[in-house]
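Welcome! Take a moment to look over the sequence and the 3D view before reading on.

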2 protein chains.
Amino acid sequence: MQPVPRQEIHQRISRFQVQLAVHQLDGAFILQNADLFYFSGTIQSSVLFVPAHGDPILMVQKNLKRAELESALKNIIPVKNKNKVPQILNDFGFNRLERSGLEMDVLPANLYLWFQQSFPQCSWRDVSNIIRRLRMVKSDYEIAQIKKATAVLHKGLTELKSVIREGITELEIDGHLAMIARREGHMGTLRMRGWNQEMTYAHVLAGDSGATVSLLNSPHGGTGNTPAMAQGAGFRKISRNEPIGVDYGVAINGYVGDQFRTYVIGTLSDPLKRAHACSQEILTLLVEKSRPGISCAELYATAAQKAKREGLEDFFMGHGEGQVKFIGHGIGLEIDEYPIISGRFDGGLENGMVLALEPKFVFPQKGVVGLEDDYLMTSEGLKRLTLTDQSLIQI
Amino acid sequence: MQPVPRQEIHQRISRFQVQLAVHQLDGAFILQNADLFYFSGTIQSSVLFVPAHGDPILMVQKNLKRAELESALKNIIPVKNKNKVPQILNDFGFNRLERSGLEMDVLPANLYLWFQQSFPQCSWRDVSNIIRRLRMVKSDYEIAQIKKATAVLHKGLTELKSVIREGITELEIDGHLAMIARREGHMGTLRMRGWNQEMTYAHVLAGDSGATVSLLNSPHGGTGNTPAMAQGAGFRKISRNEPIGVDYGVAINGYVGDQFRTYVIGTLSDPLKRAHACSQEILTLLVEKSRPGISCAELYATAAQKAKREGLEDFFMGHGEGQVKFIGHGIGLEIDEYPIISGRFDGGLENGMVLALEPKFVFPQKGVVGLEDDYLMTSEGLKRLTLTDQSLIQI
C-alpha cells in the first residue's frame with residue numbers, strides 16, 4: 001500500500017491555492033472521493049477545507065487512524081459530527097468565510113444546503129471546473145500510475161486471445177477481463193464524474209451489440225443484459241466473421257487506463273477492415289498533429305475531416321442518434337477527465353496531459369470497429385502509454 | 001432483455017402519487033438511475049415528472065428509441081436540451097408548479113439550482129425519504145428478481161470452494177467471484193445510495209484484513225490494495241487456519257442479492273468458531289422474533305443482547321472505531337435500502353420487505369467471522385431467500 005508522496009499533495013494544494021486566490025475565494029471545501037484523494041491522499045470519510053492561504057484542514061469522520069496513515073496533510077482532525085466543522089474552522093482562525101468554493105457538479109443538494117445553513121454569511125462558487133482543469137495536467141508520479149494501469153490492460157487484452165472462441169458469450173469474456181483486472185491489482189472501481197454515468201470494467205460488444213446505442217456518452221453502448229444497466233456485455237454469443245469490440249478499463253492507485261481493441265474470429269468484410277485501418281490512420285494523424293498549444297477543436301476537426309475524406313462520416317464515433325462529438329478525453333482519477341477532444345472544449349493540449357484517443361466507427365446492425373490508446377503530451381510530441389499492437393486482432 | 005411489467009410501473013406511480021398528495025406536493029422530478037428505473041423501467045438519460053394527479057412525463061435526452069422499448073409509461077417525449085423541460089410541462093398543462101419534490105440526497109447542487117432557476121415560483125421539498133420508504137416494500141416481481149440474484153450468489157460461493165487454496169491472493173479470489181457474477185448475468189454494478197459510498201462485487205478479507213476498518217459503513221472494510229479505494233481485497237495471501245470472510249453481491253435486472261460466508265483452510269480457534277456459531281444463533285433468533293410490526297430497534301436490540309450474553313459485545317458488528325450500530329438493511333435496487341435494522345431507524349417490519357441480516361464478529365488482528373443472508377418478510381414469518389448452508393465452510 002503506497003501513500004501518495006507528500007511532495008505531490010503539497011504541489012497540488014499550492015496550485016489550487018493560486019487558483020483560489022485568482023478567483024478571490026477564501027477557500028474551498030472538498031468532499032468527493034476523487035477530488036479528496038487528489039488533494040489529501042485519502043478517501044476516508046472526510047471534509048477537507050483548503051484555504052486560499054495557509055494549511056488545509058482534513059476533518060475525518062471515519063476512519064481517523066487510516067486517514068493519518070494515508071494522508072500527507074499536517075492538520076488531520078477527528079470530527080464525529082459534521083456540525084462541528086464550523087467550530088473547527090473557527091479554532092484554526094477561519095472565522096468568517098465570505099466567498100468559498102464547493103464541488104457543485106457532484107455535491108448533493110442536501111449537503112449544499114447544509115453548507116449554506118452552516119456558514120450563513122458565506123456565498124458559494126462552483127470550483128469543479130477549476131479542479132478539473134488543475135487535474136488535467138499530470139505529474140510524473142501520476143503518469144507512472146497510469147503506466148501501471150496500461151500494463152494491466154495489455155496483459156488482459158493479450159490473454160483474451162486465448163479466451164475468445166465461437167459460442168462464448170460477451171458476458172463470459174467480460175468476466176475474464178474482470179478476473180484478470182482484479183488479479184493484477186485493479187482497485188475495483190472506475191470513477192466517472194458525470195451525473196448518473198456508471199462504468200463496468202469493460203464493454204464487450206460483438207456484432208450488432210456494438211451498434212446498440214445507450215445512455216452512455218460514448219460511441220458504443222451495448223445491450224447489457226437488463227434495462228436496469230442498459231450497457232455493456234450481454235448473453236449474446238460470439239460468431240465468426242463479426243467485429244468484437246472490447247473497451248477495457250482498470251485503475252491502479254486511483255489512476256485509470258482505458259483501451260479499446262477490435263477482435264475477430266475469422267475475418268471482417270472489406271468496409272469494416274477499411275474503417276479499422278482508418279482508425280489507425282486517424283491515430284497516426286493525431287500523433288503527427290499534436291503539440292502543446294494545439295486546440296482540442298482543431299484535433300477533433302482533423303479526425304472528423306479524415307473520416308469524411310474516407311466517406312465514413314456517417315459511421316464516425318457512432319451512428320445516428322448514437323453519434324458523439326468527441327474523439328478523446330483526458331484520463332486520471334476519473335475516466336471522463338478534461339480535456340475533451342471536441343469542437344466544443346475551450347482549450348488546447350499542454351505538456352503532462354494524458355489523453356485516451358478513441359477513433360471508432362459504428363455500422364448499423366454490423367457493429368463497432370476501432371481503437372483506443374492512451375497518450376502523454378510531451379514537448380517531443382504525443383507518447384503512447386498503451387502497449388498493445390494497433391492491428392485488428394484475428395483469432 | 002425483460003422490460004419491467006407495465007402493471008409494476010403503474011402500481012409504483014400510484015403509490016407515489018398518494019404520497020405526493022399527502023405531502024401536498026404538485027409533483028416530483030425523478031432523475032437518479034435507481035429511482036428512474038423504479039418509476040419508469042428505464043435509465044436512459046431522462047427527466048421524469050410525476051404529477052400528484054395525472055400521467056407522468058418521461059423526457060428523454062438519450063436514447064429515445066431505447067426508452068420507448070424499455071418503459072411502460074405513456075408519455076415519452078424527446079428533449080435534446082433540458083431547458084425545454086418547463087415548456088413540455090406547460091404543454092401538458094402543468095403550468096404553475098408551486099411545491100414540488102426532488103431527490104435532494106443524491107441530486108447534484110448544480111441540478112438543484114437549475115430547477116430553482118427554471119421554476120422560479122416553485123418551492124422544493126426533498127422526496128428521497130418518501131421514495132426510499134415506498135421502495136422498502138417489494139412486489140412479487142421484485143422478489144423474483146432478488147431470488148435470481150441469490151441463486152447466482154449460491155453458485156459463486158459454492159464454486160469458491162474449489163478456488164480457495166493456500167497462497168492464492170484475496171484479489172484472485174475476488175476476481176473469480178467477479179467472473180462468475182458476470183458469466184451468470186450480474187449487471188455489472190451494485191448501486192449504493194449513500195454519498196461517496198462505492199461498492200465492488202465482493203469483499204474478500206483474510207485474517208487481519210477482515211479487522212481493517214475503512215470509510216465504508218460496514219463492520220468490515222479490508223485494506224484494499226490502494227488508499228484510492230481503501231476497501232476490499234488486497235494482495236494478501238491466504239494462509240491455513242485463518243478466517244476468510246467473503247461478502248458477495250450481484251444484481252440481476254437491477255435487484256441486489258447480498259451474502260456473506262466464512263471460509264477456512266484447516267480450522268479456526270475456538271473463540272472464532274464460537275463467534276461464528278453465535279452469528280448463526282443470532283440469525284435463528286431474528287427469524288423467530290420477526291413478524292410484521294416489530295420495530296427495527298427491537299430486532300437490533302435482540303441481536304446485540306445475544307452478543308452481550310455470549311461475552312462478545314466488543315467484537316459484535318466490528319471492533320473499536322469500526323463498530324457499526326446495525327445488524328441488517330433492506331436490499332433492492334440499491335444495496336443500502338431501508339429499513340436499517342438499528343436502534344435509530346424509525347419504523348418496523350412490513351410484509352414484502354427484503355432484508356439482508358448480517359451478524360458478524362470482528363477480532364483485532366484475527367479477522368472477521370459471521371454470516372449474511374437475505375430474508376423476505378411474510379405473514380408467516382421471515383423466509384430465507386439465500387440458498388447456501390450456514391455452517392463455517394471448511395476447505
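## A well-connected leucine

Let's begin with one residue of this predicted model. Not counting residues up to four places away in sequence, A:L102 touches A:A28, A:F29, A:L107, A:Y112, A:F115, A:W124, A:D126 and A:V127, and also B:A109.

Which residues touch the most other members of the largest nonpolar core? They are A:L102 and B:L102, in a core of 256 residues.

## Two matching chains

Now step back to the two chains. A turn of 180 degrees, with a shift of 0.0 Å along the axis, lays chain B on chain A with an RMSD of 0.0 Å. The two copies are therefore related as by a two-fold rotation axis. Both copies use the same surface: 100% of the contact residues of chain B recur in chain A.

## Two domains in chain A

How is chain A divided by the domain assignment? Domain 1 covers 6-134, and domain 2 covers 137-394. Taken over C-alpha atoms, the centres of these two domains of chain A are 34 Å apart.

## Where the domains touch

In chain A, eight residues of domain 1 are in contact with nine residues of domain 2. On the domain 1 side of this contact, the elements that give two or more residues are α2 (33-40) and α6 (128-136) of chain A. The largest share of that side comes from α2(A), with four residues.

What classes of residue make up the side of domain 1 of chain A that touches domain 2 of chain A? That side has four nonpolar residues, three charged residues and one polar residue.

Definitions and conventions
Residues numbered from 1 in each chain as written. Chains lettered and ligands numbered in written order. Predicted model: local features only at pLDDT ≥ 70, side-chain atom pairs only at ≥ 80, totals over all residues. Core = buried A, V, L, I, M, F, W, Y, C linked by C-beta atoms within 7 Å. Buried ≥ 20, exposed ≤ 12 C-beta atoms within 10 Å, placed from the backbone. Contact = placed C-beta atoms within 7 Å. Least-squares fit on C-alpha atoms with pLDDT ≥ 70 in both. Domains from an automatic or database assignment. Nonpolar A, V, L, I, M, F, W, Y, C, P; charged D, E, K, R; others polar.
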